Amino acid sequence: MQIPYTTEPRPDTGLYNAKVGLWLFLASEVMLFGGMFSAYVLLRVGAPEGLWPRGWLSVPLGTLNTMVLIASSISATMAWAALKLNQFPRYKLYHGITLLLAVLFLGVKAFEYSDKLSHYWIETKSGQFVDGHLVSRTADKVVVHGVQTDNRAVLFDRTRKEYQQLPHTEITVAASDIQRISNYAPKLNTWMGLYWAITGLHALHLIGGILVFGYLWGPGSGMWKRDPARFTNRVEIAGLYWHFVDLVWVFVFPVLYLF
Amino acid sequence: MSETLTPAAAAPADLHLRRYVVVSVCIAVAALIVVGINRLDLGSPRLSIGLSLAVIGVQAALVLGFMMHLFSEKRLIYSVLGFTGFFLAFLMLLTIWSMHEVPEKPVHSQPPAPATAP
């Protein structure tokens, strides 16, 4: 049975079916990420004064990833335009670039995640707050390279001079003195929970996009010979999805990295 | 992406491609402006966030309008997005309304209830 309206527009909508389906999917995605952002806003305004993390993420890394995603967005558009111009080799080139940029984005994200998982927050029974990257951990003691203070608020806003003036040294904490220890996993605090949930969901969308682009670049590209118009529409739909992933990052980046 | 590019229309296609590149550069510059606004000390966090949100709004409009071709889409898509926008706005309004319900002292910072005798 022939699937209707894969290339020609449906008379009542004026669009081919896949495009309508993709926009409906994107509408549901808006609500999904909208729920995440509304949760962020609610928890942000409900947080005690001075105890909402700021400057906990690397702005240069976030900016790099923003540029990578914008570049991948333009290459995805170029790939579609190349098909419209019957330039299949150029399509392969541009879609290959999109794939590489998507993998690069995930690579940077993986680096950031691994950095967070090796970053520890320690509260001692003597009222000290120790924050830094793990050097070693035994049954008797924990050694981190970072900072130490008795003012918890200083560790929350790392854009302030008070934090930047703290000396970064190797700090040893006796296991018997530890009241609480956690790496920068979702369990650390509400902000880290939101960070992992929002960026993790976004990364899952990237992985989905990579799978689709990989298929269209590799085995799925055979359709170009059989049904070029339909294949071009598939690439267009994948591109729309990719631009949406880019759009979400446009909001995620300032909210988590800058504000 | 409902525009039609054909080999016969190579010149317009080139113009389209140039437009995508220009729009992408604008989006990238806007991202850098947002970073700059937040790196500079404007004296008020509200001003920084307000300015940033304005630039982010422009960025989002560029992505939606040009990259996703929303400026030249069919009416059905506008309807779908109109409904979505309504429900998203309602979701955010719920959040804003519930801000008045936030207790003065956060639940986490309240002292634990005293133990009662069995």
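**Note on the predicted two-chain model**

1. Pro167(A) is an exposed residue, its relative accessible area being 56%. That puts Pro167(A) on the exposed side because the cut-off for this class is over 50%. The model is a predicted one, and this note takes Pro167(A) as its starting point. The residue sits in a loop of chain A, between helix H5 (161–164) and strand E4 (169–174). Apart from residues up to four places away in sequence, Pro167(A) touches Gly146(A) and Val147(A). Strand E3 of chain A covers residues 141–149. Leu64(A) is 103 residues from Pro167(A) in sequence, and the two C-alpha atoms are 28 Å apart in space.

2. Strand E1 of chain A gives the opposite picture. Six of the six residues of E1(A) are buried, so the strand is largely enclosed by the rest of the structure. Both of its faces are covered. On one side the buried residues are His119(A), Trp121(A) and Glu123(A); on the other they are Tyr120(A), Ile122(A) and Thr124(A).

3. Which strands pair with E1(A)? One is E2(A): E1 (residues 119–124) and E2 (residues 129–137) are antiparallel and share five bridges. Another is E5(A), residues 178–183, which is also antiparallel to E1(A) and joined to it by five bridges. Individual positions can be followed across both pairings. Ile122(A) has Val130(A) as its bridge partner in E2(A), and Glu123(A) stands opposite Phe129(A) in that strand. Toward E5(A), Trp121(A) is bridged to Ser182(A).

4. E2(A) also pairs with E3(A), residues 141–149, in the antiparallel sense, here over eight bridges. In this pairing Arg137(A) stands opposite Val142(A). The connection from E2(A) to E3(A) is a hairpin through three residues. The hairpin of E1(A) and E2(A) has four residues between its strands, and Gly127(A) in that hairpin takes a positive phi near 85 degrees.

5. His119(A), in strand E1 of chain A, deserves a separate entry. His119(A) counts as buried because its relative accessibility is 8%, and the limit for buried is under 20%. Setting aside neighbours within four places in sequence, His119(A) is in contact with Asp131(A), Gly132(A), His133(A), Arg158(A), Ser182(A), Asn183(A) and Tyr184(A). One of these contacts, Arg158(A), reappears in the next point.

6. Where does Arg158(A) lie relative to Trp56(A)? Arg158(A) is over the face of the Trp56(A) ring, 4.4 Å from the ring centre. Trp56(A) in turn belongs to a cluster linked by ring pairs, together with Tyr113(A), Trp121(A), Phe129(A), Phe156(A), Tyr184(A), Trp191(A), Tyr195(A) and Trp196(A). Two of the cluster residues have been met as strand positions: Trp121(A), which is bridged to Ser182(A) in E5(A), and Phe129(A), which stands opposite Glu123(A). Tyr184(A), also a cluster residue, is among the contacts of His119(A).

7. How many aromatic pairs does a search of the whole structure find? The search gives 26 over all chains. One of them joins Trp249(A) and Tyr257(A), with ring centres 5.8 Å apart and planes at 65 degrees, an edge-to-face arrangement. Both Trp249(A) and Tyr257(A) are buried. In chain B, Arg19(B) lies over the face of Tyr20(B), at 5.7 Å from the ring centre.

8. Chain B has three helices and zero strands, giving the pattern α-α-α along the sequence. The chain is divided into domain 1 (15–70) and domain 2 (74–101), and the C-alpha centres of these two domains are 22 Å apart. Of the 118 residues in chain B, 31% are buried. Among contacts in chain B with a separation of 6 or more, 50% are between residues 24 or more positions apart.

9. The last point is the interface. Contacts between the chains involve 49 residues of chain A and 48 residues of chain B. About 4200 Å² is buried between chain A and chain B, with 83% of this area on carbon and sulfur atoms. On the chain A side, Trp23(A), Leu85(A) and Phe259(A) lose the most area to chain B, and together they account for 16% of what that side buries.

Methods: Residues are numbered from 1 along each chain as its sequence is written. Chains are lettered from A and ligands numbered from 1 in the order in which they are written. This is a predicted model: local features need pLDDT of at least 70, side-chain atom pairs count only at pLDDT 80 or more; totals for chains, interfaces and linings use all residues. Side-chain values use heavy atoms; hydrogens and water are left out. Rings of Phe, Tyr and Trp (its six-membered ring) pair if their centres lie within 6.5 Å; planes under 30 degrees apart count as stacked, over 60 as edge-to-face and the rest as tilted. Buried means under 20% relative accessible area, exposed over 50%, partly exposed in between (1.4 Å probe, protein chains only). A charge sits over a ring if NZ of Lys or CZ of Arg is within 6 Å of the ring centre and within 35 degrees of the ring normal. Two strands pair if DSSP finds at least two bridges between them. Domain bounds come from an automatic or database domain assignment. Contact means heavy atoms within 4.5 Å. Buried area is the accessible area (1.4 Å probe) that two parts lose on being put together, summed over both.
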